[in-house]
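Biologist: I would like to learn how to read charged pairs and cysteines in a model. Could we work through them one at a time, with the general idea before the case?

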Amino acid sequence: MTKAHAPLLHIAKRRSMKWYHAWGIRIGAILLALILDAVITTLVTGLNPLEVYVTIFKGSFGTMRKFWVLLQNIAILLCVSIAVTPAFKMRFWNVGGEGQILAGALATAACMILLGDKVPNGLLIPIMTIASLLAGALWGFIPAFFKAKWNTNETLFTLMMNYVATQLVAFFVIVWEVPKGAGQIGIINQSTQSGWFPYLAGNAYLLNVLIVSALTIFIFAYLRYSKHGYEISVVGESERTARYVGIKVEKVIMRTMLLSGAICGIAGLLLVAGTNHTVTTSISGGRGFTAVMVSWLAKFNPFVMILTSFLIVFLERGASAISSNYGLNASFADIITGIILFFIIASEFFVNYRLVWRKKEGREA
C-alpha cells in the first residue's frame with residue numbers, strides 16, 4: 001500500500017506495557033468516569049456530586065454490618081468467577097454458571113429439608129457440601145460431555161442448562177412451599193437452624209469469606225503450577241497443538257468443567273447454608289453472568305479477580321444507597337455506576353492496543 005493510500009489512523013497491538021503504565025491508564029479511566037458522572041449528576045439532579053460519591057462509599061463502609069455484607073457479596077461473586085475461569089482459559093465458553101449455582105443450591109436445600117431433623121449438624125453440613133459439589137459438577141459435566149463427544153456448541157448448551165435448572169428449582173419450590181400456596185419455601189429449619197453454617201468470631205459471613213479465600217488460592221495454584229493447569233493453557237491456545245503433544249483434549253474439557261461446575265455448586269451451598277437459608281429461582285442474582293466480566297477483566301488471574309469483584313459489588317451497593325438516600329430512580333443510579341464500568345472496560349483497549357497515526361511525508365525516513 002502506498003503512503004498516499006495508507007489509513008490516517010490504525011490500531012496496533014502493544015507488544016508489552018509496564019505494569020504501572022497499565023494501572024495508570026485504568027486509574028485515569030476511573031477519574032474521567034467520575035468527572036463525567038459529576039457533570040451528569042449536577043445537570044440532571046442538581047445534587048452535589050461529592051455528596052453522591054460519599055453516599056456510594058457509605059453504602060459499603062458506613063457501618064460494620066454494611067462492611068460484612070460487602071465482603072459476603074464479594075466472596076460469592078469471586079467464588080463464581082474463579083469457578084468459570086478454568087473453562088474460559090480453556091476457551092470453553094461456559095455461560096452456565098447460573099444453572100450450576102442453582103443445582104448446588106437445590107441440592108443443599110434438599111439435604112436441609114429432608115435430613116434436617118434426622119442427622120446432627122456436624123454430619124449434615126458435610127453431606128450438604130458433597131451434594132452441592134456433585135450437583136454443580138454434574139451440571140457442568142453434561143455440556144462438556146456433549147462438546148467432547150459431538151462438538152456441540154457449549155455456549156448454547158450451557159445457556160440451555162440454566163433454564164432447565166431454573167425450572168427444576170421452581171418445581172421443588174412448589175413441592176416444599178411453606179405454607180402451601182405461598183409460592184416460596186421460606187426460611188429452612190428456622191427454629192432448629194439445621195444445616196446453617198455456624199458463626200465464626202460472632203460473624204455469620206466469616207466462614208463464607210474463608211472458604212472462598214481458600215478456593216481462590218487453590219485455583220491460582222491449580223492453574224499456575226499444576227499439570228492440569230498447563231494442559232488447560234495448551235488447549236486454550238490451540239487444540240491442534242494440544243493433540244500434537246499428546247494431550248487428550250476431550251478428557252481435559254470434561255475434567256475442567258467438572259471442576260468449574262463443582263465450585264459453582266459450592267457457591268450455591270454458600271448462598272443457601274451461609275446466607276439466605278432458603279432457595280429461590282433468583283438466588284444466584286445474575287452472578288453467573290457477572291462473573292464472566294470479572295474473569296475477563298482480571299485476565300484469568302484469581303487474585304486480580306478479588307479487585308474486580310470488589311469494584312463491581314462496591315458500585316452495586318453504592319447504586320442502591322444513592323437510590324434510597326436521595327429517592328432517585330434506580331435507573332439513574334445504574335447509569336452512574338454503568339459509566340464507571342464502561343470506562344474501566346474501555347481502558348483495557350488502551351492497555352492492549354495503541355492508536356498509530358500516519359506519519360507525515362517529511363518525517364518518513
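Modeller: Let us begin with a charged pair, bearing in mind that this is a predicted model. Side chains of opposite charge can pair when their charged atoms come close. Here the side chains of Lys299 and Glu348 form a salt bridge, with 3.5 Å from N to O. Lys299 sits in the loop between α11 (287–297) and α12 (302–326), whereas Glu348 belongs to helix α13, so this pair ties together parts that are 49 residues apart in sequence.

Biologist: Is Lys299 buried or exposed, or does it lie in between?

Modeller: Lys299 counts as partly exposed, at 44% relative accessibility, while its partner Glu348 counts as buried, at 11%.

Biologist: Which residues are linked with Glu348 in a network of salt bridges?

Modeller: The network links Arg26, Lys299 and Glu348. Besides the bridge with Lys299, Glu348 meets the side chain of Arg26 in a salt bridge of 2.6 Å, again N to O. Because Arg26 lies in helix α1 (residues 19–45) and Glu348 in helix α13 (residues 330–352), that pair ties together parts that are 322 residues apart in sequence. Arg26 is buried, with a relative accessible area of 15%.

Biologist: How many salt bridges does the structure hold?

Modeller: The structure holds seven salt bridges, and one of them joins the side chains of Arg243 and Glu250, with an N to O distance of 3.0 Å. In this pair Arg243 is partly exposed, at 44% relative accessibility, and Glu250 is also partly exposed, with a relative accessible area of 27%.

Biologist: Now to the cysteines: how should I read them, and how many disulfides does a search of the whole structure find?

Modeller: A disulfide is a covalent bond between the sulfur atoms of two cysteines. A search of the whole structure finds zero disulfides. Cys79, for instance, is in no disulfide, and the nearest cysteine sulfur to its own is that of Cys264, 7.3 Å away.

Biologist: Why is there no bond between Cys264 and Cys79?

Modeller: The reasoning rests on distance, because a disulfide is counted when the two cysteine sulfur atoms are within 2.5 Å. The sulfur of Cys264 is 7.3 Å from that of Cys79, its closest cysteine sulfur, and this is too far for a bond.

Biologist: And are these two cysteines buried or exposed?

Modeller: Cys79 is buried, with a relative accessible area of 0%, and Cys264 is likewise buried, with a relative accessible area of 0%.

Methods: Residues are numbered from 1 along each chain as its sequence is written. This is a predicted model: local features need pLDDT of at least 70, side-chain atom pairs count only at pLDDT 80 or more; totals for chains, interfaces and linings use all residues. Side-chain values use heavy atoms; hydrogens and water are left out. Buried means under 20% relative accessible area, exposed over 50%, partly exposed in between (1.4 Å probe, protein chains only). A salt bridge is a side-chain nitrogen of Lys or Arg within 4 Å of a carboxyl oxygen of Asp or Glu. Helices (H or I, at least four residues) and strands (E, at least two) are DSSP runs, numbered from the N terminus.
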